[in-house]
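Student: I have a structure open and want to go through a couple of spots in it. Can you help?

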Amino acid sequence: MVEKELKTSMSEDDEANVNENGKRPAEDTKDGKKRIKTKSLYRQPTVNELNRLQETESLFNSNLFRLQIEEILQEVKVKEKTVKRFQEWFTNFKSHLFEIPEDDTEYDLTEKTLSKHLKVKIPVSSSLIKTKTMFKFHKFTDVEIVGSYALGTAISSKLVIDVLITVPAETYTKNDSINYRYHNKRAAYLAFIASHLNKFDAIEDLKYVSLNGCESKPLLQLKPIGKLGNHLSVRINLACEEETYKLHRFSPTRNNLRESWLFPDDNIDSTEVGPPTPYYNSSILSDLTASINQQFLRDTFENSENLRQAVVLLKIWLRQRKLQVSGHVVSLFVAYLVQAKRINNIMSSYQIVRNVWIALKSSEWDTKGISLHTGKTTLEEYLQHFPVVFLDRTGAYNVCWQMCKGTYCALRRECDLAVDMLDNGKINSFIPLFMTPVLPLMQFDHILRFKNLSNIIESVLDKSPRPSRVNYGVDQLALVTDVIYALLGRGLGDRVDLILQAVEADFSWSVKKTPDKAKKDGYEPKLSFGFILNPENAMNIVDKGPPANLPEAEEFRAFWGDKSELRRFQDGSITEACVWSAEGASDRRAICKQIVDYLFQLKYGIPSTQLFHICDQVDSVTARKGYSGEQGEEAALRVLRAFDELRRDVRALAEMPLDVSAVYGVSPVFSYCEPCPAVGSPADAKVWRRGAAALIKDKDVRIPQYTPVNHAVVELGHSGKWPGDIEAFRCLKAAFNLQIADRLTKQYSLPAQPYPAHIDVLKNGLVFRLQITHPKEVTLLRREVQKGVVKFKESEDSVKLQCDTVLMPRLRGALHGLHTKYPAYGPTVCVFKRWLSAHLLSPPHFPPAVAELLVATTFVHCSPLSPPHQPTAGLLRVLKKLVDTDWGKEMIVLDFNEDMTREEITQLERKFSEREPQTPCIHIVTAYDGELPGIWGRSAPTPNVLARAQTLAKATLEYVERALLEDYTDNILGAFVPSLTGYDVLIYLSRLLVPHVTERVDMRPQLRGSPDKLADDVIPVVGFNPVEKYLEELRNAYSEFAVFFHDAYGGDVIAVLWKPDIHEEKELQIGATNALKPVKVDGEIKYKVNIEALLEDFRTLGAGLVQAVVLNT
């Protein structure tokens, strides 16, 4: 019966209709409901489906990657409705333009006659109008859409449609190419068009724009009225007819800008031709060759859908990286690869993009150059005058004439990173490639900005040679950018992997104003340089130069000035060298800053107060203010050295029943992740002691100094004689503790105090706590006997022991290796922990291991960036990661040494998607978690704490961005000051009893170094932390009523937040009467929490420690 019903409820036709995507359309029943066709799930795939799968396998990275590419291309495609609206609007717009009347009048552009006639201003600055220039308007014959919209490679977001108007050749004379006459006439022609469009009622927001600070080549920008204007804007550019000038007139060796015109006050002979002006010449060539190159692109991209899609993807990729590379250059390079037969339209868009990246990363535009011209070209001639060379179809115009070498180097570097991401099968590379925006504060380790750019420009121009100034003409910002880039490149050398300039000089103004007047209304260009440091060389103290007897030595001395000195090195060589001052780790990280300040003072007389560096703003957070401001890394290094000595001693112990096979450090200090590492304890002659350990007497008025312990685990040699009972096992461990302590004292004269669970040892004034570990103890803790049957089940004790003694040593070793590979990792963790703690989210709210793993993700999974090399950049990336990640849906796998296979990762992802709701909020899995993936975040942070951390991180990023990029403020320590609003009760503590109180961000460093004599005969009182003990009592006794927050690094206030039901009425129940008081409600006796009594309990428990308990109203 069932079979019969199934047969009649579904179609028997196996050859179902298939659409173009290889999918069968859904069928509806007569009543409008979709049939459930279970049989179709198990049918054999159709031919179209098989072809699509085969095509995906051969043409795309993966099926998911193909789907994502198709989705993003559909998302950025200009909507058909917008295309139709624009076509209608453009037809009217074009008709209106052709209605411009002829004007036979000749105008002198040095006078204001034309502006008065047109009733709009000519978009040219007063610096260009020096020579009498006669202008006559000749009507154009064509208006065409060009650029990405015409080629079908436009992106709907921020869509700008380029319209090209070709100026008739008779507008210009033979000598107009000299001394900006061409540019003046071009501006006047644009003003004619602006005057006519000003009367057109189908447009709004008509204005002039200059791009990239190029004042001599303004454009006209407008928006259509109505809804169309919300989607796009139109930009009008001018070109000139091909026969206007011969192209060789603008070869890079020719001069078209006279020195006497640029410097009229210097009485230079006006008949002298002067140096070549390739930059100035290119500004005219771009107009001369515009039509030829546009036609070449049309021919290449016509009927080539895959090529167009590839260009769209490349433009999205560039836009996410904010690289100043135009879509025109990208399109021409794709056309170049087509011409060179390295790509073709048969390839998929993914294959084309991949080949473009591979070609770019191995390209040599800066040393060899490339050309689209099929005839003979002289690339060497262009390479002498341009940093980057890519010749167009004519072979005369360098399309990269405005590209700084830094942009090209960044482009190559990004292509290298992109190919690496594609080749990494363990990540979905689509997200970092096309969906993740790259922000300067996250991308660069060091950013150089200028507080007063106009003064910088003036100083650089004064020292720039005349030929360079003539070449760039009035485009001073371009000259200054290239000069500073060259200076930084020479000065920093191999200390940096990349120097990238960022110019913000786009300028728009009303057609009713002159550019000079418009600039006075608040226009200010911005220039900055970002450095990505080379971790191997960035912190070198010495810059080694050439041997003194070579000619290059004179050049080295001329560049470095007084800083250059002759030095003899250990290998016997005697060379010129520059030595930079650096005492600690933070000073070494700031050597690049020191070099930049010195060079600007030496070369241009610019003091360091005029420069603003974003690099070392958080270094003061990691400094030990209680110990003369030394960096935590240096204190941690002393701990590691002492531990290495102790480890050798323990492994070499004699007369032991079992040999010590290994000793592993498990405290955060062993991976440089402890914000306040232990320092050597001073010797104390008046100490109370029992055995080798100091004691505190009840009547002792002296408060012992807080001395942290450094935890380590000891593995003993293999033996089958360990008992099978947990209590007997622990007794045997205690006996081993006695034996190890005794041998350390007798063999090495080290103070050692044994305890049942551990041994405290004093080495170099530092206390180490050794704990014996054995896998059998974990197994015994899992053991349960139920009805005579032995079962093994995870318990809280077994999981904790396994984490502390088995998993943590492996993880700590991996994190130590990560710090060795990336020296900024440890300081970044310390700053992040200080930030969490400063906002009262210290453990147990945010476990240390989770914080360390979260920071590790920004170093291991740093795509689309490279790992940070400065703690400031590292902190910002961690906060960004914390904010942007959807922790409820995303799992992070940290595979430090590529130990995990793709199948293992896939299995983890599947388990994560099927997990129970009560699993950890932050799910970070490492290769060392074994059977407990994501164990480190199992208990904390809770959803509320995570939401609080994300809110604080977002506010911190906004605060830091505003302080560094807008206010030029060096001090961003306000990001480490907590807000106490929102908490219900504040408990103020006595600072004398608060550990690390000298490490608060608002404290000044104390001039106190390491003690003269370290403790060497008695172990000091360890872990004396009254605040921690007080918090422990509060949480144990009152956790059902309140949550307690505190800054573990010197915080003198405990913030209390009542649970949401604290003010609700409760029923009296036996066993649940704590802190309740009777109240009358409508004549009935109810019970409510006695808040006043709770506050009094807080005071009583903290007697001597608590100064005040305040209701925060």
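The chat below takes up one residue and then a sheet.

Student: What kind of model is this?
Tutor: It is a predicted model.

Student: Where is Asp929 found?
Tutor: Asp929 sits in the loop between β30 (924-926) and α34 (943-966).

Student: Is Asp929 buried or exposed?
Tutor: Asp929 is buried, because its relative accessible area is 1% and buried means under 20%.

Student: What does Asp929 touch, not counting residues up to four places away in sequence?
Tutor: Leu807, Ile924, Gly934, Ile935 and Trp936. With Trp936 there is a polar contact, side chain to side chain, at 3.1 Å.

Student: And how are Asp929 and Arg810 placed?
Tutor: They are 119 residues apart along the chain, and their C-alpha atoms are separated by 9.1 Å.

Student: Changing topic, to the open sheet. What is the order of its four strands?
Tutor: The order is β32-β33-β31-β36, with antiparallel pairing. The edge strands are β32 (1042-1046) and β36 (1106-1111), each of which pairs on one side only.

Student: How much are neighbouring strands turned against each other?
Tutor: By 20 degrees on average, direction ignored.

Student: How many bridges do β31 and β36 pair over?
Tutor: Five, in the antiparallel sense; β31 covers residues 985-989. One bridge partner pair is Leu989 with Val1106 in β36.

Student: Which helix packs on the sheet?
Tutor: Helix α35 (residues 1026-1038) does, touching β31, β32, β33 (1053-1058) and β36. The direction of α35 makes about 165 degrees with that of β32.

Note on methods: Residues numbered from 1 in each chain as written. Predicted model: local features only at pLDDT ≥ 70, side-chain atom pairs only at ≥ 80, totals over all residues. Heavy atoms only, no water. Helix = DSSP H or I, 4+ residues; strand = E, 2+ residues; numbered from the N terminus. Buried < 20%, exposed > 50% of the residue type's maximum accessible area, 1.4 Å probe, protein only. Contact = heavy atoms within 4.5 Å. Polar contact = N/O pair within 3.5 Å; in protein donor to acceptor, adjacent residues only side chain to side chain. Pairing = 2+ DSSP bridges. Axes fitted to C-alpha atoms, helices over the stretch in contact; angles between N-to-C directions.
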